[in-house]
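Reader: I would be grateful for a close look at a single part of this model, with its packing, its burial and the pockets described in connection with one another. Please set that part in the context of the whole chain.

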Amino acid sequence: MSKNRLALPKEKKETTLKKKAWLAFLAAMGPGLTVMLADTDAGSIITAAQSGAQWGYKLLVLQLLLIPILYFIQELTTRIGITTGRGHGQLIKDYFGAKWAWISVITLFVSAIGALVTEFSGIAGAGLLFGIPEWASVGLAAVLLIFISTTGRYLRVERIAIAIGLFELIFIPAAVYAHPEPSAIIQALTGSQPLGNSGYWLLIAANIGAVIMPWMIFYQQGAVVDKGLSSSTIKYSRLDTALGSVVTQIIMA
């Protein structure tokens, strides 16, 4: 009887610790998943589709190899943001001066404009499939994005972004319904690669560029700072980043 009485507080303590760990994980979740879902944008999907159309399953192995590379890059910027409490641009300014900070911001702006062009092109194309004119689909998307980014707090924007981004998971059942042949996939992955073809290398470069983008570093580092994450949540931020890395590459595949 006395042993049971002693065991109860211990069990209760373990339950409390598990609950706190789960809540800490949920609190840290978001930046990694958001940035990875945003990474799988219209340009990335078109690049993946072109890769499959031209080379079948041969570039699937590249999508798997990019998972750890993507994770290590984004996990590093997350740790830097959490431990310093400053965004990527601010750290460049502090350590290398305002000139290099401006150069980094200008190049980021140029790359972001290019990303927006591909995004809105994808929105316009999807709208046309349903008979919606370009000006209506692009205009509505632009107004919606401006409204969300200027009127919402970070947590609200994050939740909306994840909710919209999760629609990309529709590619997974779509792939299943396409009835891919396992033998064809294995043959493509284990067979010889057309390394002498310049078009093949061009799509390798395009896939790497579609997965690893400069704005992702700026965004995720700023996001963990805005969210107020501390060093005690780094392990949960790693899980968040790892989950996002796997999900985005599954979608690309």
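Author: A helix is taken here as a DSSP run of H or I of at least four residues, and helices are numbered from the N terminus. On that basis M216 is found in helix α12, and this helix is the part chosen for the close look. The model is a predicted one.

The setting may be given first. The protein chain has 13 helices and zero strands, so that reading from the N terminus its elements run α-α-α-α-α-α-α-α-α-α-α-α-α. Along the principal axes, the C-alpha atoms of the protein chain fill a box of roughly 75 × 50 × 40 Å. Of the 253 residues in the protein chain, 32% are buried. When contacts between residues at least 6 apart in sequence are considered, 88% of them join residues at least 24 apart.

M216 offers a view of such burial within α12. Its relative accessibility is 0%, and M216 therefore counts as buried, the cut-off for this class being under 20%. With residues up to four places away in sequence set aside, M216 touches V35, M36, D39, L70, Q74 and V211. One of these partners, V35, is 181 residues away along the chain, yet the C-alpha atoms of M216 and V35 are separated by 6.2 Å.

The packing of α12 against another helix can be described as well. Two packed helices are described by the angle between their axes and by the distance between those axes. Helix α12, residues 214–226, packs with helix α5, residues 88–96, at an angle of about 95°, and their axes are 8 Å apart. Angles of 65 to 115 degrees count as roughly perpendicular, and α5 and α12 are therefore roughly perpendicular to each other. On the α12 side the contact is made by I217, F218 and Q221, while H88, G89, L91 and I92 take part from α5. By class, the residues of this contact comprise four nonpolar, three polar and no charged.

Helix α12 also takes part in a pocket. The largest pocket has a volume of about 1900 Å³, and α12 supplies at least two residues of its lining, as do α2 (31–39), α3 (42–55), α6 (98–129), α7 (134–151) and α8 (154–165). In total 39 residues line this pocket, and A38, L116, E119, L145 and I164 lie nearest its centre. The lining consists of 30 nonpolar, six polar and three charged residues.

The second largest pocket holds about 620 Å³ of space. Its lining is made by 22 residues, of which L60, A175, I251, M252 and A253 are the closest to its centre. Two or more residues of this lining come from each of α3, α4 (60–84), α9 (171–177) and α13 (234–252). Helix α3 gives the most, with five residues. By class, this second lining has 17 nonpolar, five polar and no charged residues.

Helix α3 thus appears in the account of each pocket, and one of its residues deserves a short note. S51 lies in α3 and, at 4% relative accessibility, counts as buried. Beyond residues up to four places away in sequence, S51 touches G56, L59, L203 and N207.

Methods: Residues are numbered from 1 along each chain as its sequence is written. This is a predicted model: local features need pLDDT of at least 70, side-chain atom pairs count only at pLDDT 80 or more; totals for chains, interfaces and linings use all residues. Side-chain values use heavy atoms; hydrogens and water are left out. Axes are lines fitted to C-alpha atoms, for helices over the stretch in contact, and angles run from 0 to 180 degrees between N-to-C directions. Angles under 35 degrees count as roughly parallel, over 145 as roughly antiparallel, 65 to 115 as roughly perpendicular and the rest as oblique. Contact means heavy atoms within 4.5 Å. Ala, Val, Leu, Ile, Met, Phe, Trp, Tyr, Cys and Pro count as nonpolar, Asp, Glu, Lys and Arg as charged, and the others, Gly among them, as polar. Buried means under 20% relative accessible area, exposed over 50%, partly exposed in between (1.4 Å probe, protein chains only). On a 1 Å grid over the protein atoms alone, a cavity is a set of points where a 1.4 Å probe fits but cannot get out, and a pocket is an open set with protein on both sides within 12 Å along at least five of seven lines; lining residues have an atom within 4 Å of a point. Grid points are joined across faces, edges and corners, and a volume is the space filled by probe spheres set on the points.
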